Amino acid sequence: MTRLAFKHFLRLCQRNILLFLLTFSCLTCAFVSFLFIQERGYYVYNENIAGELKAQTLYFESRDGTAIKYICDTMLTDLVLPSMSVVTVSDDKYAGIHWDRELTETVWYTPYGRFFSVEEMMSGANVALLGTNFISKLDIEHIDSIWETGIDINNTRFDAIGNFFFNWEVGFTPDEVYRYEPIPSSIVVPLKAYFNLGLSPYRLRCVFAEPLTNAQITHLTDLILPSNSIHSLNLPEVYNASAISNYLSGVAPYMLGVVLSLLSIISVILYWLRGEFVRYKVYMICGAKGRQIGYLLSLNILWLVTISYACSCLVMFAIRGIIPVGIISSLPWFIFIMIYFGGLFLSILAVGIRAIPLVLHEEMIES
């Protein structure tokens with residue numbers, strides 16, 4: 001039956017070539033519009049995720065610096081958790097940072113000098129970045145010479161290699177700075193150098209390279225909670241509710257318009273299929289059941305939607321090649337599959353609701 005239905009589908013296309021092209025074009029345009037809206041929304045969603053990092057960020061506080069060091073060392077080598085792109089430990093005056101340049105090449109902005117190199121962070125070199133509030137308190141002569149003389153931290157000389165914008169005073173830095181900024185102190189050194197100095201951090205903040213799963217969050221919780229000194233714990237979120245809300249509010253009005261246009265296209269599809277109604281009437285006279293007629297009708301919609309959707313995906317691939325970066329992002333493959341089956345189901349349902357009664361009504365009239 002399927003092979004016979006496919007042959008009839010090809011004949012239907014050949015017999016009404018212009019009407020087929022019109023139907024095909026309408027469906028393809030509708031799918032392209034829908035996919036473009038989705039990819040635009042997906043780009044905005046990814047930007048929100050990248051900006052907030054709620055699904056990737058861990059933060060907690062503790063007065064037990066030993067516990068913080070143990071947790072930090074364990075996470076750096078844990079095979080269950082994703083790699084950490086940025087790790088920061090800090091007290092009120094100093095901060096130690098590890099910035100994985102392979103995962104996050106874009107580093108903190110230094111208006112003068114440079115950020116830590118990979119070698120300096122891996123070896124724990126005695127180099128430091130100085131906040132603008134620290135530099136502003138130096139006398140003019142010292143400001144000019146500090147880049148040659150360096151600074152002293154726990155009786156250890158550190159070379160000053162660059163500065164960064166930081167205007168908060170010790171004791172007046174808002175909690176949000178520690179929670180959301182990778183550099184929360186006026187003097188920053190490599191993470192390994194921080195621990196080599198014997199400094200005792202109060203806080204840890206890390207950003208994982210990718211969002212954590214439920215199982216990974218549970219594993220992370222089991223790693224952290226045994227330390228009774230931990231408080232102000234902020235675990236990564238399973239999903240970013242605000243990003244999803246922004247995505248839905250951004251695409252919903254346009255999606256509604258595309259869905260309504262798809263429903264309007266159903267009338268064109270129905271008119272194109274009317275040439276098959278006579279055949280279906282003959283099948284019913286010969287004893288075919290309504291479900292068999294529905295199956296044949298659904299096959300025609302299946303092939304039409306599949307061809308149109310495949311072409312729309314190719315069109316979107318071409319659009320991504322010419323459109324400027326920063327407008328759309330390619331959807332994950334499973335989203336393409338979901339959209340295909342959603343469009344197919346909606347088309348079959350809408351056409352079936354309108355076509356089956358027509359076929360049956362014609363049969364009843366002939367009877």
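**Figure 1. Asp159 and Arg157, a salt-bridged pair.** Asp159 counts as partly exposed here, at 33% relative accessibility. Its partner is Arg157, and the two side chains meet in a salt bridge with an N to O distance of 2.3 Å. Arg157 is likewise classed as partly exposed, because its relative accessibility of 44% falls between the limits of 20% and 50%. Please keep in mind for this and every other view that the model is predicted.

**Figure 2. Glu169 and Lys137, a salt bridge between distant parts of the chain.** Here is another of these pairs: Glu169 forms a salt bridge with Lys137, and their closest N and O atoms are 2.5 Å apart. The two residues are 32 positions apart, and each sits in a loop. For Glu169, that loop runs between strand E6 (156–164) and helix H7 (175–180). Lys137 belongs to the loop between helix H5 (132–136) and helix H6 (140–149). How exposed is each partner? Glu169 is partly exposed at 31% relative accessibility, whereas Lys137, at 57%, counts as exposed.

**Figure 3. Arg101 and Glu105, joined by a salt bridge.** In this view, the closest N and O atoms of Arg101 and Glu105 are 3.6 Å apart. Glu105 is exposed, with a relative accessible area of 53%. If you would like to look for others, a search of the whole structure finds seven salt bridges.

**Figure 4. The largest nonpolar core and its contacts around Leu273.** This core has 40 residues. Which of them have the most contacts inside it? They are Leu27, Ile269, Trp272, Leu273 and Val351. Several helices contribute at least two residues each: H1 (2–15), H2 (17–52), H10 (241–285), H11 (290–322) and H12 (333–366). Take Leu273 as a starting point: leaving out residues up to four places away in sequence, Leu273 touches Leu12, Leu297, Asn300, Ile301 and Val351.

**Figure 5. Another nonpolar core, apart from the largest one.** Next to visit is a core of 37 residues, which lies apart from the largest core. Its members include Ile135, Leu138, Ile153 and Phe195. As a general backdrop to both core views, nonpolar side chains tend to be buried together in soluble globular proteins.

**Figure 6. A nonpolar patch at the surface.** Finally, we turn to the surface, where Trp333, Phe334, Ile337, Met338 and Phe341 make a nonpolar patch of about 590 Å². Ile337, one of these residues, lies in helix H12. The relative accessible area of Ile337 is 38%, so this residue is partly exposed.

Note on methods:
Residues are numbered from 1 along each chain as its sequence is written. This is a predicted model: local features need pLDDT of at least 70, side-chain atom pairs count only at pLDDT 80 or more; totals for chains, interfaces and linings use all residues. Side-chain values use heavy atoms; hydrogens and water are left out. A nonpolar core is a set of buried Ala, Val, Leu, Ile, Met, Phe, Trp, Tyr and Cys residues joined through side-chain atoms within 4.5 Å. Buried means under 20% relative accessible area, exposed over 50%, partly exposed in between (1.4 Å probe, protein chains only). Helices (H or I, at least four residues) and strands (E, at least two) are DSSP runs, numbered from the N terminus. Contact means heavy atoms within 4.5 Å. Patches are made of residues with over 30% relative accessible area and no salt bridge: like charges are joined within 9 Å, nonpolar side chains (Val, Leu, Ile, Met, Phe, Trp, Tyr) within 5 Å. Accessible areas come from the Shrake-Rupley method with a 1.4 Å probe; for residues, only the protein chains shown count as cover. A salt bridge is a side-chain nitrogen of Lys or Arg within 4 Å of a carboxyl oxygen of Asp or Glu.
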